[in-house]
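Subject: Structure handover

Hello,

Here is the structure I promised to pass on. Please open it first, then read my notes below.

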Amino acid sequence: TARRYVYVVPNLTRDEAARLARRRLGDLGRHERSVAIEMPGETAIAPRGRIALVGTGTGFDQTYRVDRVERHLSFAGGFRQTVHARAANEE
């Protein structure tokens with residue numbers, strides 16, 4: 001689920017409000033936590049799914065929403081994948 005932020009700034013025109021909204025969205029996006037995990041291939045992980053990162057002892061230990069999975073198969077490297085995920089917004 002998405003988090004909702006409400007900002008009240010009086011006396012803005014529609015264009016000013018749109019610019020402010022884009023700027024605030026960009027600011028929030030820069031603080032979002034994301035990870036790229038290289039690992040052996042696993043077909044159960046898919047976009048829009050959730051994965052939990054645990055055991056690092058850091059703030060990265062949390063639930064992530066999978067954005068993209070890139071899978072690779074080769075004789076030399078076997079079945080490998082890279083999982084790209086963003087922190088899941090828990091409410």
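Start at G77, which is partly exposed, with a relative accessible area of 41%. The model is a predicted one. G77 belongs to the loop between β3 and β4. Its partner to look for is P40: the two are 37 residues apart in sequence, yet 9.5 Å apart in space, C-alpha to C-alpha.

A76 is in the loop between β3 and β4 too. A76 counts as exposed, because its relative accessibility is 85% and the cut-off for exposed is over 50%. Now measure across to T13. The C-alpha atoms of A76 and T13 are separated by 59 Å, with their places 63 residues apart along the chain.

Confidence

How far can you trust the model? The chain has a mean pLDDT of 88. Of its residues, 91% reach 70 or more. Strand β3 (residues 63-74) has the highest confidence, at 95. Helix α1 (residues 14-30) has the lowest, at a mean of 86.

Q81 in strand β4

Next, go to Q81. This residue lies in strand β4, which covers residues 78-87. Is Q81 buried or exposed? Q81 is buried, because its relative accessibility is 2% and the cut-off for buried is under 20%. Its side chain has a polar contact with that of R71, at 3.0 Å.

Which residues is Q81 in contact with, leaving aside its neighbours within four places in sequence? One group runs I37, E38, M39, P40, G41 and E42. I45 is also on the list. V69, E70 and R71 complete it. P40 has come up already, as the residue 9.5 Å from G77, C-alpha to C-alpha.

H84 in strand β4

H84 is in strand β4 as well. The side chains of H84 and E70 are joined by a polar contact of 3.5 Å. Again leaving aside neighbours within four places in sequence, H84 is in contact with V35 and A36. Its contacts also include R65, V66, D67, R68 and E70. E70 therefore deserves a look from both sides, because it is in contact with Q81 and with H84, and is partly exposed at 30% relative accessible area.

Salt bridges

Side chains of opposite charge can pair when their charged atoms come close. How many salt bridges does a search of the whole structure find? The search finds 2.

One is between R86 and D67, with the closest N and O atoms 2.8 Å apart. This pair links distant parts of the chain: R86 is in strand β4 and D67 in strand β3, 19 residues apart. R86 is partly exposed, with a relative accessible area of 35%. D67 is partly exposed too, at 34%.

The other joins the side chains of E70 and R68, at 3.0 Å from N to O. R68 counts as partly exposed, at 41% relative accessibility. E70 is the residue whose side chain also makes the polar contact with H84.

Charges and rings

Two arginines are worth a click. The charged end of R24 sits over the ring of Y7, 4.3 Å from the ring centre. The charged end of R33 sits over the ring of F60, also 4.3 Å from the centre. What is the count of aromatic pairs? The count comes to 0.

Backbone angles

Two residues other than glycine have a positive phi. For N11, phi is near 65 degrees. N11 is in the segment before α1. N11 counts as exposed, at 77% relative accessibility.

For R48, phi is near 75 degrees. R48 is in the loop between β1 (34-40) and β2 (50-52). R48 is exposed, with a relative accessible area of 66%.

A short tour

If time is short, visit these places:

- Q81, buried at 2% relative accessibility, with its side-chain polar contact to R71.
- R86 and D67, a salt bridge that links strand β4 with strand β3.
- R24 over the ring of Y7, then R33 over the ring of F60.
- A76 and T13, with C-alpha atoms 59 Å apart.

Best wishes

Notes:
Residues are numbered from 1 along each chain as its sequence is written. This is a predicted model: local features need pLDDT of at least 70, side-chain atom pairs count only at pLDDT 80 or more; totals for chains, interfaces and linings use all residues. Side-chain values use heavy atoms; hydrogens and water are left out. Rings of Phe, Tyr and Trp (its six-membered ring) pair if their centres lie within 6.5 Å; planes under 30 degrees apart count as stacked, over 60 as edge-to-face and the rest as tilted. A charge sits over a ring if NZ of Lys or CZ of Arg is within 6 Å of the ring centre and within 35 degrees of the ring normal. pLDDT is the predictor's confidence in each residue, from 0 to 100. Helices (H or I, at least four residues) and strands (E, at least two) are DSSP runs, numbered from the N terminus. Buried means under 20% relative accessible area, exposed over 50%, partly exposed in between (1.4 Å probe, protein chains only). A polar contact is a pair of N or O atoms within 3.5 Å; within protein, one must be able to donate a hydrogen and the other to accept it, and residues adjacent in sequence count only if both atoms are side-chain atoms. Contact means heavy atoms within 4.5 Å. A salt bridge is a side-chain nitrogen of Lys or Arg within 4 Å of a carboxyl oxygen of Asp or Glu.
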